[in-house]
Amino acid sequence: MIQLVPRQATSTAWQVATPVLAVLATMVAGGLLFAAMGHEPVAAIRTIFWDPLFGPAASYSRPQLLVKAAPLILIASGLAIGFRAGIWNIGAEGQYIIGGITGGAVALAAYPADGPWIFPAMVLAGMAGGWAWGMIPALLRNWFGASEILVSLMLVYVAQRVAAWMAFGPMRNPEGFGMPGSRNLQQYPAAANPELISGTGAHWGVVAAAVAVLATWFLMSRHIRGFHIRAAGTAPRAARFAGVNPATLVAFCLGLSGALAGAAGLFEVAGPAGQITDTLGTGYGFTAIIVAFLGRLHPVGILLAGLLLALTYIGGELAQLTMQLPAASVQVFQGMLLFFLLGFDLLTRFQIRRRVLA
Amino acid sequence: MTKGTNLTKAAVFRATGIGKSYPGVRANDDVSFAVAEGEIHALLGENGAGKSTLVKMIYGLVRPDQGQMWLGDAPHHPADPRAARAAGVAMVFQHFSLFDALTVAENIALGMENPPPRRELATRITQVSHDFGLPLNPSRRIVTLSAGERQRVEIIRCLLQNPRLLIMDEPTSVLTPQEAELLFATLRKLAARGTAILYISHKLDEIRSHCDRATILRHGRVVDSCDPRAHTARELAAMMVGSEMRLIDRTGRRAGDMVLRVENLSRSAPTAEGTALKGVNLTLRAGEILGIGGVAGNGQEELLAALSGEARSIPGSVTLEGRDLSALGPEPRREAGLLAAPEDRLGHAAVPDFSLTENTLLTAGARKGLVRRGLIDHAGARRYAESVISAFDVRIPGPGTAARALSGGNLQKFVIGREVMQAPRVLVVNQPTWGVDAGAAAAVRQSLLDLARKGAGVIVISQDLDELLELSDRFCALNEGRLSDPVPTEGLTLDRIGLMLGGAHGMEEARL
């Protein structure tokens, strides 16, 4: 019989090995799934993980990697800080949508003015919108003890309704022949978030994601607030003894992750998406949760995990086109990744031992 | 090593050549001893001497690498605690495993292999508690019981199994002197019926007055076996520690100006199990040590929290050198010079998963300049951790070791050292030597006296009355959130203090 025995100390080797194991297990299980559906499993896995980078159409798909990874990394960086403190913001998707709307609103209000202040103002407004949306669960938790998990999650659906209202109502493009959706910001130079270096896919959101990785690394390892966040996550009483006010920490973590998600939403609205539509939320906010955990809540890990998940997005689309795999396969893939990661996580905290029967 | 064992009575339990290794540690090495029928046998040793490993092997929680154990004439090698219980070994742990929301009878039923029907069980509980003088009502909920009463639940749970060998792990650490006397009366009755009792403790006086025999462990080996009644506490301690104990030096202190004044400090209970503080008043002078006695759960944690700044209070209730701190949190209070060391070392005074270097940042950031404008000076933190480790003789590989890897005594030396070396104006400590071996306890106490000699005020909250008498200049008792008026420690007796504490639940009932 097999027995799980708690480890004395968490194993660093397993900390690094489990995400890798989870990816490999996802490939195997995914391959089996595709085989059961009548597809060539090796070809499918290669299409998802290899072709986007090195396949025949790679020159198109490669820039997409940064476009998809940037919002994931930006959002996950913020989420990871809260997760370290034991504060569970599950509603980054909603903060992302609201950030896109408030940031986009600045551009729509300024249209057709020109000036270098417009884009920075949009970024700030996007962050403020995400921050405010994140502060709702924070205040409800601090004032009434409401679970931030449920409140933040439910606010995602509110945000989706707000996006639909804006796209069909107040923000609809007056020159859009009645079509839903705002003006296209890509065609408004002062507000656009264009590709900065041709062929890389890098827009301001990529820069912001890189800054976020560096800044969160600095916060968590060099700043006393990061220390307090880590302490609060593993030993809340010790953190209070050190002088941490739990309510302040809740507001800080939800506000910060909301602001970063809001910024990601704005970069998307001003860049790849181009406009505020009712389908503004495409799931980045939820996928970022997987990114945060797959990256072990560590900035560098999040960087790698963000790129990997972006790859599954692009590879999944490619597999839909070339192999006629169903669209849901990407979500199944991402789901399996989180599932295996949480499963293998046991190994960082427990040892497997053969139980000797007496 | 069984020289001098009472040969007229059969050995209930024998061990020969027991050995157990963990990675890097030889926890037990060639341990041999025997416990006779009807004997109260003390297992004496510092923390880390191998007492816990030894009794865990007897109780089936750990398997020995070498050696033989016998229970009566049968070899005793239990695969798990259930097998040990079936063979007739019972154990009362230092930390209770009881469900607060359930009744006494329900808790006892949960711990039994084949619990009898409820009514029969209640009758048997009443019977056993009457026979052994352990008053206990089977239908009361655990949450309403004192620590002493909770321990009775554990003991009665064991007695219902009619054990041949009863192991008790530091049972008196949570009891008032009167409750402890009651416990020993019970153990005597039990021994008179032939049960062998293995008694783990580091309280030398109680071992001297109540145990028939003592086996002394040091570094995992049996270093001596003696009749504790024939030795002084100092001799026993010397056997345990391996060298003559240091005398505590109380000299060189004089009371200076008033440093801390607590006036009419009240707070409602923070949780359902907590205790409200009711109008606490105290004053503390520089160079003075004030001892606060009382059984845990009478407001000790709450008082510490109100002084450390984890809990705030009404304006004017906490004043340090004329400055009102009552509205400030822990960090500003530390900067002002009011420091604290909570009782719970792992999880409150230190973050278990963090290294000692990181744990210095918990409290020493401002006063030691380890955090400037929010930025952490990791090298400075490491140096401070190293200086605490060397000054307080914390025995670990280095400052990178995680707090949870330290023994209780070593971690306590680190936690106290971390505060003492910040040169506070006032230091408040709660249970500074709880579960700490004699050597480390002496070091901790001496450091508190040294701190007071340098002109700081010290408040020691403790259940250990010997400790309070040894350290404090004035003594007061905390009982149900109320603090008594202080009396000078000089000339106080243990009996007098016991009455001051007054928190001995069920005492009158027991004396009937």
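This report walks through a predicted model with chains A and B, taking the interface, two sheets, the salt bridges and a surface patch in turn.

## Where the chains meet

Let's start at the contact between the two chains. Chain A puts 18 residues into it, and chain B puts in 30 residues. Together they bury about 2,000 Å², with carbon and sulfur atoms accounting for 62% of that. On the chain A side, A:Phe227, A:Arg237 and A:Phe241 stand out: they provide 38% of the area that chain A buries against chain B, more than any other three residues.

There's charge pairing here too, with 3 salt bridges found across the interface of chain A and chain B. One of the residues just named, A:Arg237, is bridged to B:Glu301, and their closest N and O atoms are 3.4 Å apart.

## Salt bridges, between and within chains

Over all chains the count is 26 salt bridges. The pair of B:Glu301 and A:Arg237 crosses between chains, running from helix 9 (residues 300-308) of chain B to helix 10 (residues 236-242) of chain A. Neither end is described as buried or exposed: B:Glu301 has 45% relative accessibility, so it counts as partly exposed, and A:Arg237 is partly exposed as well, at 29%.

Inside chain B, B:Glu288 and B:Arg474 form a salt bridge with a closest N to O distance of 2.6 Å. B:Glu288 sits in the loop between strand 12 and strand 13 (289-293), while B:Arg474 belongs to strand 21 (residues 474-479), so this pair links parts 186 residues apart in sequence. With 7% relative accessibility, B:Glu288 counts as buried. Another chain B pair is B:Arg425 with B:Glu321, at 2.9 Å from N to O. Here B:Arg425 comes from the loop between helix 13 (408-420) and strand 19 (426-430), and B:Glu321 from the loop between strand 14 and strand 15, so the bridge ties together parts 104 residues apart in sequence. B:Arg425 is partly exposed at 27% relative accessible area, and B:Glu321 is partly exposed at 42%. Then there's a network: B:Arg188, B:Asp212, B:Asp227 and B:Arg229 are joined by salt bridges that share partners.

## A covered strand in chain B

How many residues of strand 3 (residues 40-44) of chain B are buried? The count is 5 of its 5 residues. That cover is on both faces, with B:Ile40, B:Ala42 and B:Leu44 buried on one side and B:His41 and B:Leu43 buried on the other.

Strand 3 of chain B also has parallel neighbours. It pairs with strand 8 (residues 196-201) over 5 bridges, where B:Leu43 has B:Ile200 as its bridge partner. With strand 9 (residues 213-218), strand 3 of chain B shares 4 bridges, and there B:Leu44 stands opposite B:Ile216.

## An open antiparallel sheet

Chain B also has an open sheet of 4 strands in the order 12-11-14-15, paired antiparallel. Strand 12 (277-285) and strand 15 (323-324) are the edges; each has a single partner strand, so one side of each has no neighbour in the sheet. Within this sheet, strand 11 (residues 258-267) and strand 14 (residues 318-320) of chain B are antiparallel over 3 bridges, and B:Val262 is the bridge partner of B:Val318.

## A nonpolar patch on chain A

Back on chain A, there's a nonpolar surface patch made of A:Leu196, A:Ile197, A:Trp204, A:Val207 and A:Val211, with about 450 Å² of accessible area together. A:Ile197 lies in the loop between helix 7 (148-168) and helix 8 (204-222) of chain A. Its relative accessibility is 53%, so A:Ile197 counts as exposed.

Key
Residues numbered from 1 in each chain as written. Chains lettered and ligands numbered in written order. Predicted model: local features only at pLDDT ≥ 70, side-chain atom pairs only at ≥ 80, totals over all residues. Heavy atoms only, no water. Patch = residues over 30% accessible without salt bridge, like charges linked within 9 Å, V, L, I, M, F, W, Y side chains within 5 Å. Areas by Shrake-Rupley, 256 points an atom, 1.4 Å probe, with all protein chains shown as cover. Salt bridge = Lys/Arg side-chain N within 4 Å of Asp/Glu carboxyl O. Helix = DSSP H or I, 4+ residues; strand = E, 2+ residues; numbered from the N terminus. Buried < 20%, exposed > 50% of the residue type's maximum accessible area, 1.4 Å probe, protein only. Pairing = 2+ DSSP bridges. Contact = heavy atoms within 4.5 Å. Buried area = accessible area lost by both parts, 1.4 Å probe.
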